[in-house]
Amino acid sequence: MNTSLVGKRGETKALLITEYGTVRLFPQSDLSATALTPYRLQWVRFLVGVSMCICFSFAVISYMREPQQVDVDAYDRMDASFRGGNHRQRTLILLRHAKSSWDDPSLDDEQRPLSKEGIRAAERLGMYLQETGVDIPEFIISSPSVRTRSTLALVRKSWGIRNDVPIQFEERLYDLANSTYRNFVSQLPPSYTRVMLVAHNSAIGDLALQLLPNDSIQKKFPPGTFCEIECANTSWTMLEDGKGKMIEFISPKDTQ
């Protein structure tokens with residue numbers, strides 16, 4: 001709404017009530033131009049909105065027409081999150097305890113310590129692994145016997161295994177020493193892909209023979225032997241016998 005008023009100097013002015021409820025005074029000569037301002041603003045807003053919609057539409061069409069690069073690793077990680085694991089290659093390290101002592105016949109088998117020769121061999125093995133740059137395991141499981149604990153402690157120190165690498169002592173590795181570790185390995189945590197077992201013969205040697213091709217390894221697995229096997233599958237539960245690849249086979253004689 002607008003109403004004509006007369007100013008102090010006789011100039012005719014217009015009282016303009018805009019659509020926003022504000023009251024403004026304008027010279028009568030400017031009324032026609034000024035009264036259209038709100039409508040012009042509406043048109044400007046409309047045109048800007050239309051332009052933005054058109055630009056956005058063109059951007060979407062261009063994006064959809066361009067070939068998108070698929071992040072395979074992301075899909076692997078997503079799939080692994082549902083399965084509780086991942087698709088990285090599995091590596092199993094088998095370490096038989098170093099030579100033990102029979103000097104005290106009164107000790108139970110589980111309590112037998114390492115011999116002096118076994119202590120030296122375990123220390124040499126750890127230094128050899130460190131010097132040759134063999135990767136440390138992500139997770140270690142050991143039999144709780146004195147000779148396996150001692151072997152692990154000596155190798156761990158001279159190899160330089162960090163304190164944050166988890167170690168678990170599992171009674172089953174002692175109980176199954178004359179049986180098989182095959183089912184035990186299939187139950188390893190899927191989140192770890194490089195695991196070391198510190199255990200006993202004959203089970204640890206039989207496991208190596210089972211996972212590797214027939215001509216990959218000798219049947220002898222002497223005390224203090226280190227064997228690294230790259231498994232054929234990416235899941236502990238799906239390991240195939242005879243399909244593993246031997247990466248390292250180190251006996252005490254190799255470190256002398």
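**Close-up views of a predicted model**

**View 1. P222 and the residues around it.** Setting aside neighbours up to four places away in sequence, P222 is in contact with R96 and S251. All of these views come from a predicted model. P222 sits in the loop that runs between α8 and β8. How far apart are the C-alpha atoms of P222 and S202? They are separated by 9.9 Å, with the two residues 20 positions apart along the chain. P222 comes out as partly exposed because its relative accessible area is 31%, and the partly exposed class spans the range between under 20% (buried) and over 50% (exposed).

**View 2. The whole chain, for orientation.** Before zooming in again, here is the overall picture. The chain has 8 helices and 9 strands. Of its 256 residues, 35% are buried. The chain exposes about 15900 Å², and 54% of that comes from carbon and sulfur atoms. If you take the contacts with a separation of 6 or more, 68% of them are between residues 24 or more positions apart.

**View 3. The largest nonpolar core, with L197 in the frame.** This core holds 26 residues, and L92, L94 and L197 are the ones with the most contacts inside it. Which elements each supply at least two residues of the core? They are β4 (91-96), β5 (139-142), α7, β7 (194-199), α8 (203-211) and β8. The largest share comes from α8, with 5 residues. Now look at L197 itself: leaving out residues up to four places away in sequence, L197 touches L92, I93, L94 and L95, along with I141, F184, V185, I204 and L207. There is also a second, separate core of 18 residues, and A98, A122, V155 and V198 are among them.

**View 4. S100 and its polar partner R112.** Find S100 in the loop between β4 and α4 (116-131). Is S100 buried or exposed? S100 counts as buried because its relative accessibility is 11%, and buried means under 20%. The side chains of S100 and R112 are joined by a polar contact of 2.5 Å. Beyond four places in sequence, S100 touches R112, P113, L114, S115 and R147.

**View 5. D109, R112 and R147, a salt-bridge network.** Staying with R112, this view turns to charged partners. Side chains of opposite charge can pair when their charged atoms come close. D109 and R112 form a salt bridge, and their closest N and O atoms are 3.1 Å apart. Salt bridges link D109, R112 and R147 in a network. How do the two ends of the D109 to R112 bridge sit relative to the surface? R112 is buried, at 6% relative accessibility, while D109 is partly exposed, at 32% relative accessible area. R112 also takes part in the polar contact with S100 from the previous view.

**View 6. R182 and D241, a bridge between distant parts of the chain.** R182 pairs with D241 in a salt bridge, with 2.9 Å between the closest N and O atoms. Where do the two partners lie? R182 is in helix α7 (residues 182-186), while D241 is in the loop between β8 (226-230) and β9 (245-250). The pair is 59 residues apart and links distant parts of the chain. R182 has a relative accessible area of 14%, so R182 is buried. D241, with a relative accessible area of 42%, is partly exposed.

**View 7. D164 and R162, with one exposed partner.** Here the side chains of D164 and R162 meet in a salt bridge, at 2.9 Å from N to O. D164 counts as exposed because its relative accessibility is 57%, and the cut-off for exposed is over 50%. R162 is partly exposed, with a relative accessible area of 46%. How many salt bridges does the structure hold? The total is 8.

**View 8. C227 and C231, two buried cysteines.** C227 is buried, with a relative accessible area of 0%. C231 counts as buried too, at 4% relative accessibility. How many disulfides are there? The count comes to 0, where a disulfide would need a pair of cysteine sulfur atoms within 2.5 Å.

Technical notes:
Residues numbered from 1 in each chain as written. Predicted model: local features only at pLDDT ≥ 70, side-chain atom pairs only at ≥ 80, totals over all residues. Heavy atoms only, no water. Helix = DSSP H or I, 4+ residues; strand = E, 2+ residues; numbered from the N terminus. Buried < 20%, exposed > 50% of the residue type's maximum accessible area, 1.4 Å probe, protein only. Contact = heavy atoms within 4.5 Å. Areas by Shrake-Rupley, 256 points an atom, 1.4 Å probe, with all protein chains shown as cover. Salt bridge = Lys/Arg side-chain N within 4 Å of Asp/Glu carboxyl O. Core = buried A, V, L, I, M, F, W, Y, C linked by side-chain atoms within 4.5 Å. Polar contact = N/O pair within 3.5 Å; in protein donor to acceptor, adjacent residues only side chain to side chain.
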